[in-house]
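Biologist: I would like a close look at a single part of this model. Please start from one residue and work outward through what surrounds it.

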Amino acid sequence: MSYEINVPSSAWSTQTVTLDGSLFRIELKYKERTERWYMTLKDNTGVDILTEKKLVDGQVITGLWDIPGVQGAITVQRNYGTDVYPTYDTLGVGKQFSLVYLTENEYTLLLQTEDNFNYVARGNR
């Protein structure tokens, strides 16, 4: 079942999350200069897996990479509005944009829909 990943109300944060039963660290940064959020994914020991991926509506951040221990996908979901990029105040639980983890089944179903133009299957570059 998908779930929203908490986005703290600070411009930089690190948190531990469980994805498919494995522990990972997610680092979120808001860069004032670009007015964009970026996510870094690390294993539980702090080794970088993905570094500073820009958060964009409808984009699967983990979609292009096979990440050991992760079968699903982390994505940015627009809940309402027409903006493409989440801003400092619009990303988080109950806000315009959410950071969401989709299970493998949910991700597979999403790839089979007609509205999946921003979503990429692993290995398709």
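Modeller: Start at Leu55. Setting aside neighbours within four places in sequence, Leu55 is in contact with Leu28, Trp37, Tyr38, Met39, Ile61, Val76, Tyr85, Pro86, Leu91 and Leu99. Keep in mind that this is a predicted model.

Now the core. The largest nonpolar core has 22 residues. Leu55 is among those with the most contacts inside it, together with Met39, Ile74 and Leu99. Several strands feed this core with at least two residues each: S2 (12-19), S3 (22-31), S4 (36-43), S6 (73-78) and S7 (97-102). The largest share, 4 residues, comes from S3. A second core is separate and has 5 residues, including Val60, Ala73, Val100 and Leu102. As background, nonpolar side chains tend to be buried together in soluble globular proteins.

Next, the strands around S3. S2 and S3 run antiparallel and are joined by 8 bridges. Across that pairing, Ser13 stands opposite Leu28 in S3. Leu28 is also one of the contacts of Leu55. The two strands form a hairpin with 2 residues between them. In its turn, Asp20 has a positive phi of about 50°.

On to S3 and S4. These strands also run antiparallel, with 8 bridges between them. Lys29 has Tyr38 in S4 as its bridge partner. Tyr38 is another contact of Leu55. The hairpin of S3 and S4 has 4 residues between the strands. There, Glu35 takes a positive phi near 55°.

Lys29 leads to the charged side chains. As a general point, side chains of opposite charge can pair when their charged atoms come close. The model has 6 salt bridges. One of them joins Lys29 to Glu52, with the closest N and O atoms 3.2 Å apart. Lys29 lies in strand S3 and Glu52 in strand S5, so this pair ties together parts 23 residues apart in sequence. Lys29 counts as partly exposed because its relative accessibility is 25%. Glu52 is also partly exposed, at 28%.

Glu52 has another partner. Its side chain meets that of Lys31 in a salt bridge of 2.5 Å, N to O. This pair links distant parts of the chain as well, with Lys31 in strand S3 and Glu52 in strand S5, 21 residues apart. Lys31 has a relative accessibility of 29%, so it counts as partly exposed.

Look next at Asp48 and Lys42. Their side chains form a salt bridge at 3.5 Å, N to O. Asp48 is partly exposed, with a relative accessible area of 42%. Lys42 counts as buried because its relative accessibility is 19%, and the cut-off for buried is under 20%. These pairs belong to one network: salt bridges with shared partners join Glu27, Lys29, Lys31, Lys42, Asp48 and Glu52.

Finally, return to the stretch of chain that holds Leu55. Where does Asp57 sit? Asp57 is in the loop between strand S5 (48-54) and S6. Is Asp57 buried or exposed? At 13% relative accessibility, Asp57 counts as buried. Its side chain has a charged partner to hand: a polar contact of 2.4 Å joins Asp57 and Arg78.

Definitions and conventions:
Residues numbered from 1 in each chain as written. Predicted model: local features only at pLDDT ≥ 70, side-chain atom pairs only at ≥ 80, totals over all residues. Heavy atoms only, no water. Core = buried A, V, L, I, M, F, W, Y, C linked by side-chain atoms within 4.5 Å. Buried < 20%, exposed > 50% of the residue type's maximum accessible area, 1.4 Å probe, protein only. Contact = heavy atoms within 4.5 Å. Polar contact = N/O pair within 3.5 Å; in protein donor to acceptor, adjacent residues only side chain to side chain. Pairing = 2+ DSSP bridges. Salt bridge = Lys/Arg side-chain N within 4 Å of Asp/Glu carboxyl O.
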